[in-house]
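Here's a quick briefing to read alongside the coordinates. Have the viewer open and click along as you go.

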Amino acid sequence: MNFIGAAILCAALAAPQQGKRGPGGPGEFAGELRDKTGPLMRVHMLAPERMPPIRSLALLIVYHGMNGNENNYYAGTIECLKRLKLENDFVVIAGKSKGA
């Protein structure tokens, strides 16, 4: 995992949750990651409802193209993982920076 991915994951676990679940829990989260100065970035994330038997998860960071946002490829990625029956093997994070 690279530094940016680790930072996003740590921030997500520490951020006030605006999605379906409480802090650090499983499920889907869509909202802002914030620090004391305000929003860092908008994200759409999914963590498995249950751990896989081997108790290891892959981190999938979804990047968008120019002028995109956190939702551009999120739904298609989740749909593909579900079709392959792999939705419980990945933590998916799609983000949109504060920049343009």
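What follows starts with confidence, then goes through the sheet, the helix packed on it and a few loop residues.

This is a predicted model, with an average pLDDT of 76 for the protein. The core story is an open sheet of four strands with helix α2 lying across β1, β2, β3 and β4.

**How far to trust it**

- Of the residues, 74% score a pLDDT of at least 70.
- Among the elements, α2 (residues 74–83) comes out on top with a mean pLDDT of 91, while helix α1 (residues 3–14) sits at the bottom with 50.
- Residues 13–22 have a pLDDT below 50, and this stretch makes 23 contacts in the model beyond near neighbours in sequence.

**The sheet**

- Reading across the sheet, the strand order is β1-β2-β4-β3, and the pairing is mixed.
- β1 and β3 are the edge strands, each of them pairing on one side only.
- Ignoring direction, neighbouring strands are turned by 25° against each other on average.
- β3 (58–62) and β4 (90–97) run parallel and are joined by five bridges.
- If you want a spot to look at in β4, V92 is the residue that stands opposite L60.

**Helix α2 on the sheet**

- β3, α2 and β4 together make a β-α-β unit, and it's a right-handed one.
- Relative to β4, α2 runs at about 170°.
- Which residues of α2 are buried? Y74, T77, I78 and L81 are.
- Look down the axis of α2 and those buried residues fall within an arc of 95°, so they line one face of the helix.
- The cover over these buried residues includes β1 (27–35), β2 (38–47), β3 and β4.
- Flip to the face turned away from the buried side and you'll find the exposed residues A75, E79 and R83.

**The loop between α2 and β4**

- K85 belongs to this loop and comes just after α2, with a positive phi of about 60°.
- That phi is there although K85 is not a glycine.
- Is K85 buried or exposed? It's exposed, because its relative accessible area is 70% and the cut-off for exposed is over 50%.
- N88 lies in the loop between α2 and β4 too, but N88 counts as buried, because its relative accessibility is 15% and buried means under 20%.
- What does N88 touch? Leaving out residues up to four places away in sequence, N88 is in contact with P48, E49, R50, P52 and L57.

**Across to the loop between β2 and β3**

- S56 is found in the loop between β2 and β3.
- With a relative accessible area of 43%, S56 is partly exposed, because that value falls between the 20% and 50% cut-offs.
- S56 and N88 are 32 residues apart in sequence, and their C-alpha atoms are 10.0 Å apart in space.

**Pulling it together**

- For a first pass, put the α2 face with Y74, T77, I78 and L81 next to the strands that help cover it, β1, β2, β3 and β4.
- Then compare the two residues of the loop between α2 and β4: K85 is exposed, whereas N88 is buried.

Methods:
Residues are numbered from 1 along each chain as its sequence is written. This is a predicted model: local features need pLDDT of at least 70, side-chain atom pairs count only at pLDDT 80 or more; totals for chains, interfaces and linings use all residues. Side-chain values use heavy atoms; hydrogens and water are left out. Buried means under 20% relative accessible area, exposed over 50%, partly exposed in between (1.4 Å probe, protein chains only). Helices (H or I, at least four residues) and strands (E, at least two) are DSSP runs, numbered from the N terminus. The arc is that of the directions from the helix axis to the C-beta atoms. Contact means heavy atoms within 4.5 Å. Two strands pair if DSSP finds at least two bridges between them. A crossover is right-handed if, with the strands pointing away from the viewer, the path from the first strand over the helix to the second runs clockwise. pLDDT is the predictor's confidence in each residue, from 0 to 100. Axes are lines fitted to C-alpha atoms, for helices over the stretch in contact, and angles run from 0 to 180 degrees between N-to-C directions.
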